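The following note sets out points for a colleague who wishes to read this model residue by residue. It proceeds from the chain as a whole to the ligand surroundings, the helices and the loops.

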Amino acid sequence: MSIDIFRPDALAGKSILVTGGGSGLGKEISKALADRGATVHICGRRAQVLEAAAREIASSDKAKVYTHVCDIRDADQVDQMMEAIWSVGPLTGLLNNAAANFIAPTKELSPRGFRAVTSTVMDGSFHVTLAAGKRWIAGGLKGSVVSNLVTWVWTGSAFVVPSAMAKTALHAMTMSLAVEWGPYGIRLNATAPGPFPTESAWEKLNPLPDTKSSATSADTVPMRRFGQMRELQSLIIFLMSDACEYLTGQTIAIDGGQHLAGPGTFADLSVLTDEQWKAARDAIVKSTERDKSQRA
Ligand SMILES: CCCCCCC/C=C/C(=O)SCCNC(=O)CCNC(=O)[C@H](O)C(C)(C)COP(=O)(O)OP(=O)(O)OC[C@H]1O[C@@H](n2cnc3c(N)ncnc32)[C@H](O)[C@@H]1OP(=O)(O)O
Ligand SMILES: NC(=O)C1=CN([C@@H]2O[C@H](COP(=O)(O)OP(=O)(O)OC[C@H]3O[C@@H](n4cnc5c(N)ncnc54)[C@H](OP(=O)(O)O)[C@@H]3O)[C@@H](O)[C@H]2O)C=CC1
């Protein structure tokens with residue numbers, strides 16, 4: 001049966017775990033999944049944050065939202081959470097969204113600082129993916145894993161090296177398990193969002209107003225704006241739905257073209273006026289005419 005992802009009940013019958021669903025992008029995406037009819041499980045380390053988020057997510061009487069206090073860095077805690085979820089009903093989808101990050105010169109990072117980020121992003125997301133995947137395989141169930149990554153999986157990024165490394169590891173996990181688990185009907189895809197300002201990320205990545213990086217600025221995005229939550233919500237609904245089950249192993253950038261507009265391209269020329277473009281053309285024609293005049 002084909003699924004229309006624009007239907008309000010496109011995710012009816014789905015049960016989806018959103019890690020880090022208590023705040024930021026995870027909370028907004030959870031709202032959209034619940035709105036489309038999915039049962040939503042959210043996890044994080046702060047009970048009060050999760051409870052407050054659950055009240056927001058369950059805005060309609062029909063929505064079912066479950067909260068789980070779980071530190072995804074701890075594989076035993078993850079397993080206990082999965083047991084609790086499966087006692088309600090099996091998941092059909094997992095959004096690896098929980099993350100840790102901060103800007104820092106790499107030479108100043110302590111081993112604990114490095115692990116604070118990588119153990120959450122890489123180890124934590126792996127623990128959750130494995131805990132869901134082995135239950136799907138044992139039960140003969142299909143599943144969809146989506147991971148919120150970042151465009152640094154293609155470009156790398158200075159000053160957030162543990163995050164860039166750990167997200168790139170998840171990009172490799174997405175491609176690798178898409179192949180290994182494809183025969184079981186388990187799909188793995190990922191998103192690579194550009195800047196979608198959230199309170200927590202901006203506090204950690206943009207702590208000083210006068211040292212704003214182009215990474216967290218709209219000016220360098222070809223579309224000249226930040227991402228809008230509904231755009232990321234639509235992409236995740238699509239990836240979690242049954243609309244396009246042949247799609248697996250892909251990391252999809254949703255960044256207004258930001259990562260393609262790097263300093264090694266001519267992206268900065270988008271500020272040129274028509275007059276400047278005409279002057280540039282005239283100068284190029286002059287150069288070409290000189291070359292031609294020197295040919296035999
Ligand atoms: C291209 C588009 C632009 C936007 C792209 C955005 C891409 C990705 C964004 C994100 O992922 S944003 C997510 C932001 N959210 C979070 O980080 C939430 C979770 N964060 C935390 O829990 C903390 O911030 C934490 C520091 C990451 C971890 O906390 P934890 O309690 O586990 O650790 P601590 O004991 O506090 O510290 C451990 C260790 O880390 C060192 N450290 C902490 N902050 C810094 C810093 N700013 N610089 C250098 N080192 C730091 C700390 O000193 C500890 O090390 P030791 O001193 O004990 O050796
Ligand atoms: N905002 C943006 O512009 C972009 C964000 N992204 C990605 O999107 C995702 C969400 O980012 P954003 O909403 O901005 O960030 P937030 O900081 O708001 O969200 C991170 C969430 O992860 C949870 N979390 C952190 N550590 C753990 C842990 N050990 N166990 C369980 N939960 C944990 C936090 O809850 P708690 O502290 O209670 O545990 C929090 O709810 C991240 O993966 C980020 O890398 C990617 C590109 C751009």
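1. Two residues are taken to be in contact if their C-beta atoms, placed from the backbone, lie within 7 Å. On that basis, among the contacts in the chain with a separation of 6 or more, residues 24 or more positions apart account for 73%. The model under discussion is a predicted one.

2. Overall composition. The chain contains 9 helices and 7 strands. Its C-alpha atoms fill a box of roughly 80 × 50 × 35 Å along the principal axes. Of its 296 residues, 39% count as buried.

3. Nonpolar core. The largest nonpolar core comprises 58 residues, and Ile16, Leu33 and Val40 have the most contacts inside it. Helix H4 contributes the largest share of this core, namely 7 residues. Leu33 deserves a closer look: apart from its neighbours within four places in sequence, Leu33 is in contact with Leu11, Ile16, Ala38, Val40, Ile237 and Met240.

4. Surroundings of ligand 2. Ligand 2 is surrounded by 30 residues, of which Gly20, Gly24, Arg45, Ala99 and Ser200 are the closest. By class, this shell holds 13 nonpolar, 13 polar and 4 charged residues. Helix H1 (24–35), strand E2 (39–44), helix H4 (111–139) and helix H7 (199–205) each supply at least two residues of the shell. The contribution of H1, 3 residues, is the greatest.

5. Surroundings of ligand 1. Around ligand 1 there are 23 residues, and those that come nearest are Ala99, Ala100, Asn101, Ser110 and Gly113. The elements that give two or more residues to this shell are H4 and H7. Its classes are 12 nonpolar, 8 polar and 3 charged residues. Ala99 is thus listed among the closest residues for ligand 2 and among the nearest for ligand 1.

6. Helix H1. Does the length of H1 agree or disagree with what its 12 residues should span? At 1.5 Å a residue, a span of 16 Å is expected, and the end C-alpha atoms are 17 Å apart, which agrees. H1 is mostly covered, 12 of its 12 residues being buried. The buried residues include the charged side chains Lys27, Glu28, Lys31 and Asp35. Among the buried residues are also Gly24, one of the closest residues to ligand 2, and Leu33, one of the residues with the most contacts inside the largest nonpolar core. After H1 comes Gly37, whose phi is positive, near 105°.

7. Helix H8. This helix, residues 229–240, has 12 residues and reaches 16 Å from its first C-alpha to its last, close to the 16 Å expected. Which of its residues are buried? They are Leu232, Ile236, Ile237, Leu239 and Met240. These residues lie on the same side of H8, because they cover an arc of only 165° around the axis. An α-helix has 3.6 residues a turn, so residues three or four places apart point the same way. On the other side of H8, Arg230 and Glu231 are exposed. The buried residues of H8 pack against strand E1 (15–19), H1, strand E4 (93–96), strand E5 (143–148), strand E6 (186–193) and strand E7 (251–254). The packing against H1 can be followed at Leu33, whose contacts include Ile237 and Met240.

8. Helix H6. H6 has 20 residues and extends 28 Å from its first C-alpha to its last, close to the 28 Å expected at 1.5 Å a residue. Its buried residues are Pro162, Ser163, Ala164, Ala166, Lys167, Leu170, Met173, Thr174 and Leu177. They pack against E4, H4, E5, H5, E6 and E7.

9. Positive phi outside glycine. Two loop residues should be inspected in this respect. Phe159, a residue other than glycine, has a positive phi near 70°. Phe159 lies in the loop between helix H5 (152–155) and helix H6 (161–180), and counts as partly exposed because it has 14 C-beta neighbours inside 10 Å. For Arg224, likewise not a glycine, phi is positive and near 60°. Arg224 is placed in the loop between H7 and H8. Is Arg224 buried or exposed? With 10 C-beta neighbours inside 10 Å, Arg224 counts as exposed, since the cut-off for that class is 12 or fewer.

Methods. Residues are numbered from 1 along each chain as its sequence is written. Chains are lettered from A and ligands numbered from 1 in the order in which they are written. A residue is near a molecule or strand if its C-beta atom, placed from the backbone, lies within 6 Å of it. Helices (H or I, at least four residues) and strands (E, at least two) are DSSP runs, numbered from the N terminus. The expected span of a helix is 1.5 Å times one less than its number of residues. A residue is buried if 20 or more other C-beta atoms lie within 10 Å of its own, exposed if 12 or fewer, and partly exposed in between; C-beta atoms are placed from the backbone. The arc is that of the directions from the helix axis to the C-beta atoms. A nonpolar core is a set of buried Ala, Val, Leu, Ile, Met, Phe, Trp, Tyr and Cys residues joined through C-beta atoms within 7 Å.
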